[in-house]
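Subject: Handover of a structure and its findings

Dear colleague,

Please find below the structure that I am passing on to you. My notes on what was found in it follow directly after.

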Amino acid sequence: KQWYQRRVAITAGGGTILTTVNDIRDQDMGLCQLFEEVQIGNERYNLFTGCPKAKTCTLILRGGAEQFIDETERSLHDAIMIVRRALKNDSIVAGGGAIEMELSKELRNYAKTIHGKEQLLITAYAKALEIIPRQLCDNAGFDAITILNKLRQKHAQDDSSSGGKWMGVDITSEDIADNFEACVWEPSIVKINALTAACEACCTILSIDETVKNPNSNYKAPNALPGNQF
């Protein structure tokens, strides 16, 4: 790992990795605007800044406990992967529960045109989509009932007049907002994959028609009494 970090540092400065120190040429040397050794916490780090060919960077995470560091690393990794997906797939939708509320509205309207038991399934699917904005409200400590009522009202309005299609949960103001205008975006491919995986998991569970239990697993041996032999 240290060898890889040194390799990245050398190539970022425009240098060339050599197997010997003999006959070093000027074009083999790298450069950077600033090199400094700083101490962060109990560790000392060599920082290269202003490298002309740098394509990567190093993030130093610090925290009071190992659990905080692990959680921060997971959150940072998720954010980086979302940006990576957005660069590869330029189709985006508004986040913050906006697309889920819009899909829920469309499914509820479509369910009204269906007769039979299929209407119950479509309505239940539409209700399940509202779990995303509800969970966002619960995580932020908001009143989920009030926020969801506002979102339903906005999404039920005509999109051309109110622009409520992208209305979602606004964490900063404890209200709802146009998350597309607020640059709260998510790649469409992420939502498609999530809905596809949820549908496949649901179909798998529904396909289980019987559960077989081992009767011996529920059997409890009687307590041994004095004078009894087993």
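To begin with a single cysteine: C57 is exposed, with a relative accessible area of 66%. Please keep in mind throughout that this is a predicted model. C57 sits in the loop between β2 and α2 (66–88). In sequence, C57 and A12 are 45 residues apart, while their C-alpha atoms are 9.6 Å apart in space.

The other cysteines raise the matter of disulfides. A search of the whole structure finds zero of them. C51, for instance, is in no disulfide, and the nearest cysteine sulfur, that of C32, is 5.0 Å away. Because a disulfide requires two cysteine sulfur atoms within 2.5 Å, the 5.0 Å between the sulfurs of C51 and C32 does not qualify. C51 has 17% relative accessibility and therefore counts as buried, the cut-off being under 20%. C202 is likewise in no disulfide; the sulfur of C203, the nearest cysteine sulfur, is 5.8 Å away. With 40% relative accessibility, C202 counts as partly exposed.

C202 also appears in the description of a pocket. The second largest pocket has a volume of about 550 Å³. It is lined by 18 residues, and those closest to its centre are Y125, A128, A198, C199 and C202. Which elements give two or more residues to this lining? They are α3 (98–111), α4 (118–129), α5 (131–140) and α8 (188–206). The largest share, eight residues, comes from α8. By class, the lining of this pocket has 16 nonpolar residues and two charged ones, with no polar residues.

I turn next to a pair of strands. Strand β1 (residues 34–40) and strand β2 (residues 43–49) run antiparallel and are joined by seven bridges. One of the residues concerned is E37, whose bridge partner in β2 is N46. The hairpin of β1 and β2 has two residues between the strands, and G41 takes a positive phi near 70° there.

The aromatic residues complete these notes. How many aromatic pairs does a search of the whole structure find? The search finds three. Among them is the pair of F35 and F48, which is tilted, with 4.9 Å centre to centre and 45° between the planes. This pair links distant parts of the chain, with F35 in strand β1 and F48 in strand β2, 13 residues apart. F35 counts as partly exposed at 46% relative accessibility, and F48 counts as partly exposed at 44%.

A further pair, W166 and F180, is stacked, with 5.3 Å centre to centre and 25° between the planes. This pair also links distant parts of the chain: W166 lies in the loop between α7 (159–162) and β4 (167–170), and F180 in the loop between β5 (175–178) and β6 (185–187), 14 residues apart. The relative accessible area of F180 is 28%, so F180 is partly exposed. Ring pairs link W166, F180 and W185 into a cluster.

With kind regards

Conventions: Residues numbered from 1 in each chain as written. Predicted model: local features only at pLDDT ≥ 70, side-chain atom pairs only at ≥ 80, totals over all residues. Heavy atoms only, no water. Buried < 20%, exposed > 50% of the residue type's maximum accessible area, 1.4 Å probe, protein only. 1 Å grid on protein atoms, 1.4 Å probe; cavity = no way out; pocket = protein on both sides within 12 Å on 5 of 7 lines; lining within 4 Å. Points joined across faces, edges and corners; volume = space filled by probe spheres on them. Helix = DSSP H or I, 4+ residues; strand = E, 2+ residues; numbered from the N terminus. Nonpolar A, V, L, I, M, F, W, Y, C, P; charged D, E, K, R; others polar. Pairing = 2+ DSSP bridges. Phe/Tyr/Trp six-rings, centres within 6.5 Å; stacked < 30°, edge-to-face > 60°.
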